[in-house]
Amino acid sequence: MALKRMDNIGIVVEDLEGAVEFFRALGLEFEGGAMIEGEWAGRVTGLGDQSVEVAMMRTPDGHSRLELSRFIRPTVIADHRKAPVNALGYLRAMFTVDDIDQTLERLRTRGAELVGEVVQYKDAYRLCYIRGPEGLLIGLAQELG
């Protein structure tokens, strides 16, 4: 049996509405939201009885999704948002954009901060990392040529 696709990447946030608005400004489309509750969900995650508010965001091409989750129960027990890029198990999502400079301008008005600098890799990409909502690490790539 072969792998079909990667369905989504999940990120846990405190301010779900703020995260949704930030990723909308980046260019993702809000697909829908739901409350995921009960013992059945806890059997999947290993957390027991849980209550989680979820928002699904979709890339414009329809191929990738980002699941934003706000845990109501049980409470969040760890915070990796401020971990450096080289922390083991750290999550970073990378998005390809048309114009990295315009994207940075737009996202800075929503609190995004450049981590290092915008760099060019050969004649292929311009790249950067930003800290987005709640300090989440996000990569931006602009294809060249």
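The following paragraphs trace a predicted model from its annotated domain to strand E9 and the nonpolar core.

An unreviewed UniProt entry lists residues 5–143 as "domain: VOC". In the model, this span is 19% helix and 40% strand, and its end C-alpha atoms are 23 Å apart.

Strand E9 comprises residues 137–143. Because 6 of its 7 residues are buried, E9 is largely enclosed by the rest of the structure. Two strands pair with E9, as the bridges show: E5 (residues 93–96) runs parallel to E9 and is joined to it by 4 bridges, whereas E8 (residues 125–131) runs antiparallel and is joined to E9 by 7 bridges. In the pairing with E5, Met94 stands opposite Gly139; in the pairing with E8, Leu127 stands opposite Ala141. E8 and E9 also form a hairpin, with 5 residues between the two strands. Within that turn, Glu134 has a positive phi of about 60°.

The largest nonpolar core contains 26 residues, and those with the most contacts inside it are Phe23, Leu26, Leu66, Leu68, Phe95, Ile130 and Leu140. At least two residues of this core come from each of helix H1 (16–26), strand E3 (50–58), strand E4 (65–73), E5, helix H3 (100–108), E8 and E9. H1 gives the most, with 7 residues. In soluble globular proteins, nonpolar side chains tend to be buried together.

Leu140 illustrates these surroundings. Leaving aside neighbours within four places in sequence, Leu140 is in contact with residues including Leu26, Met94, Phe95, Ile100, Leu104, Leu127 and Ile130. Val97, Thr103, Arg126 and Cys128 are also among the contacts of Leu140.

Key:
Residues numbered from 1 in each chain as written. Predicted model: local features only at pLDDT ≥ 70, side-chain atom pairs only at ≥ 80, totals over all residues. Heavy atoms only, no water. UniProt positions renumbered as here; feature names shortened; annotations may be inferred. Buried < 20%, exposed > 50% of the residue type's maximum accessible area, 1.4 Å probe, protein only. Pairing = 2+ DSSP bridges. Core = buried A, V, L, I, M, F, W, Y, C linked by side-chain atoms within 4.5 Å. Contact = heavy atoms within 4.5 Å.
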